[in-house]
Amino acid sequence: MTKRTPDATPPLPRLQDDTLLIEQGRAPADHYGAINVPAYRASTFAFPTTADLAATRSRSYAGYSYGRAATPTSEALQDAVAALEGGAGAVVASSGVAAIATALTSVLGAGDHLLVADCVYGPTRRFCDRVLTRFGIEVTYFDPAIGAAIGRLFKPGTKAVFTESPGSLTFEMLDIPAIAAAAHAADATLINDNTWGTPLLFKSFTHGVDISVHSATKYIGGHADLLLGIIVANARSLPAVRTNATNFGVCAGPDDIYLALRGLRTLSVRLERHQRNALALAEFLSTRPEIDRVLYPPLASDPGHAIWQRDFGGASGLMSIVLTPGYADDAVAAMVDGLRLFTIGASWGGFESLILPSDPTRARTATQWTAGGQLLRLHIGLEDPRDLIADLTAGFERLRNAT
Ligand SMILES: Cc1ncc(COP(=O)(O)O)c(C=O)c1O
């Protein structure tokens, strides 16, 4: 079978996102009419002749050669996500963290300097602090509210800026276009973790991002049953990302990729419901005396609302609440442990509602997290919001009664 590389895929006329989600990365005629690209469980692809084998060395071979490099399944997902987000191409990885590590190491080398937003996902910070520094890369964290003032942090060796907007746990919105302009003026690469925004709601490449990373474990998969990462890059950064991924042996299992492709087809309808439910919950939570702050940029009262409204085409269902200071740990435990519909769980982006008590204090160095109350991260799932509100209302009653 002739290989369909993302670069060789004939361009579709520019389709609307909802149509792209259905059409892109599918080719029934290439798969005996199967609507979905099957999960190709293939490490080895047969070469018809020794001449074909030789052609792989000169990169002129049109077929598949080895599963780690590409299969029709991996290419279908890469093709679909890259088209949706507007990148030149994509690479799948075994997890979101693997995607982040691959993106960072594709642009950084010994002696380089990296700027990182203070609100990034904890394991991203850990990778920067514990791995990149071991290889002689200097890391400086910056206040997520910095905007264009980031320009003064660049040094001659600054090669990359890593952002995540909204920030993990605390949901600060970053001015990505302003940061991108400063990065490009210094000839640095902007890498952005777009897991919350998804390739649908935040169009990384029209906002100046060079490399967009996703934990596809979250909304792209959408069903809490896979682990996957994806790196999408613009034309300038894609060759370095691909080469680095090849050198590190970055790839992912066919079943997870297949499930991610299946999840992707319904991303838009799921996100619409996540947003609707999350807004209803955020508005309810804003009225509760037990809550000091709701951290959710789509709320008009959120400090990041104007940037969210300017740059994003919608919202996903992840937010945090900060309880009014003074509740004891066992009262918070009574509230959380007794919830029936909110499961205590670390991931998000699936169909189900989740709750996660968290403490951002130790994961900030350029800024300080000074909220006195307990932070609870909430993922608002696809349940009926009236039931979710009733579950939390009963939880607040336990919180008050245990105090
Ligand atoms: C914002 C963000 N980025 C990246 C990751 C890492 O993804 P994975 O768990 O697929 O490695 C997560 C996981 O929670 C996340 O929340």
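The legends below describe close-up views of a predicted model.

**Figure 1. The seven-stranded open sheet.** Seven strands form an open sheet with mixed pairing, in the order S1-S7-S6-S5-S4-S2-S3. Strand S1 (89–93) and strand S3 (138–142) occupy the edges; each has a single partner strand, so one side of each is left without a neighbour in the sheet. On average, neighbouring strands of this sheet are turned by 20 degrees against each other, direction ignored.

**Figure 2. Pairing of strands S2 and S3.** Strand S2 (residues 113–117) runs parallel to S3, and five bridges join the two. Within this pair, His113 has Glu138 of S3 as its bridge partner.

**Figure 3. Strand S6 and its two partners.** Strand S6 comprises residues 211–215, and five of the five are buried, so the strand is largely enclosed by the rest of the structure. From S6, Ile211, Val213 and Ser215 point one way, whereas Ser212 and His214 point the other way; all are buried. Strand S5 (residues 189–193) pairs with S6 in the parallel sense over three bridges. The pairing of S6 with strand S7 (residues 229–233) is antiparallel and involves five bridges. Ile211 takes part in both pairings: Ile191 stands opposite Ile211, and the bridge partner of Ile211 in S7 is Ala233.

**Figure 4. The surroundings of the ligand.** The ligand is surrounded by 13 residues, of which the closest are Ser95, Gly96, Val97, Ser215 and Thr217. One of these, Ser215, is also among the buried residues of S6. By character, the shell around the ligand consists of three nonpolar, eight polar and two charged residues.

**Figure 5. The two faces of helix H8.** Helix H8 (residues 238–248) has Leu238, Val241, Asn244 and Ala245 as its buried residues. These cover an arc of only 135 degrees around the axis, which puts them on the same side of H8. An α-helix has 3.6 residues a turn, so residues three or four places apart point the same way. The buried residues of H8 pack against S1, helix H4 (96–107), S6 and S7. The face turned away from the buried side of H8 carries the exposed residues Thr243 and Asn247. Just after H8, Gly249 adopts a positive phi of about 70 degrees.

**Figure 6. The five-stranded open sheet and helix H10.** A sheet of five strands, also open and with mixed pairing, has the order S8-S9-S12-S11-S10. Its edges are strand S8 (291–295) and strand S10 (343–344); each has a single partner strand, so one side of each is left without a neighbour in the sheet. S10 and strand S11 (residues 354–358) are parallel and share two bridges, with Leu354 in S11 as the bridge partner of Thr343. Helix H10 (residues 267–286) lies across S8 and strand S9 (318–323), and runs at about 155 degrees to S8.

**Figure 7. The environment of Lys159.** Lys159 is located in strand S4 (residues 158–164). Because Lys159 has 19 C-beta neighbours inside 10 Å, it counts as partly exposed; the threshold for a buried residue is 20 or more. Leaving aside residues up to four places away in sequence, Lys159 touches Val107, Leu108, Asp112, His113, Leu114, Ala188 and Thr189. Among these contacts, His113 is the residue of S2 that has Glu138 as its bridge partner in S3. Lys159 and Asp187 are separated by 28 residues in sequence, yet their C-alpha atoms are 7.2 Å apart in space.

Conventions
Residues are numbered from 1 along each chain as its sequence is written. This is a predicted model: local features need pLDDT of at least 70, side-chain atom pairs count only at pLDDT 80 or more; totals for chains, interfaces and linings use all residues. Two strands pair if DSSP finds at least two bridges between them. Helices (H or I, at least four residues) and strands (E, at least two) are DSSP runs, numbered from the N terminus. Axes are lines fitted to C-alpha atoms, for helices over the stretch in contact, and angles run from 0 to 180 degrees between N-to-C directions. A residue is buried if 20 or more other C-beta atoms lie within 10 Å of its own, exposed if 12 or fewer, and partly exposed in between; C-beta atoms are placed from the backbone. A residue is near a molecule or strand if its C-beta atom, placed from the backbone, lies within 6 Å of it. Ala, Val, Leu, Ile, Met, Phe, Trp, Tyr, Cys and Pro count as nonpolar, Asp, Glu, Lys and Arg as charged, and the others, Gly among them, as polar. The arc is that of the directions from the helix axis to the C-beta atoms. Two residues are in contact if their C-beta atoms, placed from the backbone, lie within 7 Å.
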